[in-house]
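Here are a few short exercises on strand pairing to try at your own pace. Have a look at the model, then work through the solutions with us.

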Amino acid sequence: MALTSLSWCLSAALVLFWPQTHSALAPENEVPLRPTTWLPEGKLTVITLPKGRTRRLYFTLKKKTPGMSVTVSPCDLPIEWSLAARTLKDKPLKSLQWSTKKSVPEVWWRGPGTEEKIHSYTGSAMDAYRGPSYPHTSVYILRLRSKQKNSRATVFLHGGLGPSGTFPLLPADPRVHTLGVGMTSVTLSWAPSASITSLPPTQKSYEYCVLTNSQQNYPSVCAAQQSVRKEKDQKQEKKERKRRVTAWPILKEWWWQQWDSESQSAPSSLVDEFADLQCACQGTESVCTVSELLPETQYYFDVFVIDRVNGTSSAYKGTYARTHEEARPAITTLRDGELRWVTFQDRGSRSEQFFSFRPRGLQQSGLLTMQSCGKGEKVKVTVSSKGQVLTSKAVGGDLEHIWLQGSPSYLIHLEREGTMTEPVLPGGLTASVKLQTSSAYHRRGVPSLPSTLQIKSFNRLRGCNSVTLAWMGTEERSLYCVYRRKLGNSEAETGAVTAPCLGPESRSDTERVLCKYFQELNPRRAVTTAVIGGLEPGMAYVFDVYLMRRWGIPIKYASKMVKTRKEC
């Protein structure tokens, strides 16, 4: 008896708790549809779009609604979207039992009926369908899909034939035109938006925003913001790459669980949504000049009409322009051994000139010699090769030597510092700097210079018709030439001396007294003398000594004024 009772209890338990999965009304391989999203009317709705998956939004219209408009604004990627009207032949049976709980649109989808395609679009620009409603439609279906990457789009449903007023209006010609292009600026113009022109002057709910970048045109404000955020994230990621620990495997499963439920309405107030936009021009004017651009660079320009009350925007068709190249200065080629007087035509404080020099020989060595002719003024010289600065220094009245080595060609940049007083040279020539470049393929460095450039005269050896001069030489065999110039009474009183920039090439042959070679291996004993005869008694003379060299500008010693004796 006990065994019979136990067997009956087990049989009853199996009948009560056995799952009813094989009902005659349940399909064998049924795959439940994903949760259904209803599209609200008169509200901005942001929809996330997983790559390759179609998102469906369902909505119905109120009875006797004459028309409707559906606006879809993609963010940063092209999407596909279509609008269809589905009409059911019969209402679904309420007594029909399902194996799983179904939403109302899914029941309609399962039921018999017809579907008519109303509108479709593929692209990245904002698009809208405006037309009459379908009276016998049971439900409208909006399908959205992103093929390239995960993206999102903003959807707005408006019931009625008139404009919704949610998005700013664009003109019939929404193109951005280029009025002028300069080296660092571009001027743009566009047809005004009716949303701005129809507003009273006191209202400022609409405004233009001009964005500039060097990568591409953006179809929407959302795309521009995404690009800015992506750039910021990349910079931040580089900084934190070493210390960052990512829990991506854990977040990955949670992320995909959110795709079906990630349909959220936009905030009611989106004033701060546009706060991070770096607008080159902002306001209600339909003309904009974008400045502080780089020369010879292509830029993309986008114009958006922003509604700060509704937090929406409409995009004009952007344009692009390439700024003009920077005015390149004229570069003068210097010949080997050429002596050149450099004149700054502009007397302002920022005048400059450029020269190029290509030394001869396999060693590619050269010598740049230069001297400033302005009294107490300096000229900045910068020598570069292949865009790399080799040396830079300020050159004054003293002779400067710059050794060039290791490059096939050199760019010499002369820049005047401050306003110069330029001396007048013989023949009416006006110059600021004297320079010379020469190849020195058989030398290894800058030639040696005298320890001092002073000339000494001996009073005991001064006569009525002659004087004795002495100066320091070098350990190299060099040619020294002496020039003399007779001074008048007024000049003798003021002590007029020869200008430092005046070299032998500017002196008359009648002023040359003598030329002699000299060499002394011991620099301390490198002193040479010369007796200058043929002078008049009681007269003042200015004597100049030049160290003549094969390479570089001749070195001028300091002028020396000597007066012969009246009586001997």
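## Exercises on the strands

**Exercise 1.** In this predicted model, find the order of the strands in the open sheet of three, and work out why one side of each edge strand has no neighbour in the sheet.

*Solution.* Begin with the order: the three strands run β28-β29-β32, with antiparallel pairing. Next, look at the edges. β28 (456-457) and β32 (527-532) each have a single partner strand, so one side of each is left without a neighbour in the sheet. Then follow the pairing of β29 (residues 467-472) with β32, which is made by six bridges. To find your place there, look for Ala470, which stands opposite Thr529 in β32.

**Exercise 2.** Trace the open sheet of four strands and name its edge strands.

*Solution.* The order is β20-β27-β22-β25, and the pairing is antiparallel. At the edges are β20 (339-342) and β25 (400-405), each of which pairs on one side only. On average, neighbouring strands of this sheet are turned by 20° against each other, direction ignored. Now step inside: β22 (residues 365-372) and β27 (residues 433-439) share seven antiparallel bridges, and Gln371 faces Lys434 in β27.

**Exercise 3.** Describe the surroundings of β23 (residues 379-385).

*Solution.* Check burial, using under 20% relative accessible area as the cut-off: six of the seven residues in β23 are buried. Now list partners. Seven antiparallel bridges link β23 with β24 (residues 388-395), where Val379 is partnered by Val395. These two strands form a hairpin with two residues between them, and Lys386 in the turn has a positive phi of about 55°. β23 also pairs with β26 (residues 410-416), antiparallel over six bridges; here Lys380 has Glu415 as its bridge partner.

How values were computed:
Residues numbered from 1 in each chain as written. Predicted model: local features only at pLDDT ≥ 70, side-chain atom pairs only at ≥ 80, totals over all residues. Heavy atoms only, no water. Pairing = 2+ DSSP bridges. Axes fitted to C-alpha atoms, helices over the stretch in contact; angles between N-to-C directions. Buried < 20%, exposed > 50% of the residue type's maximum accessible area, 1.4 Å probe, protein only.
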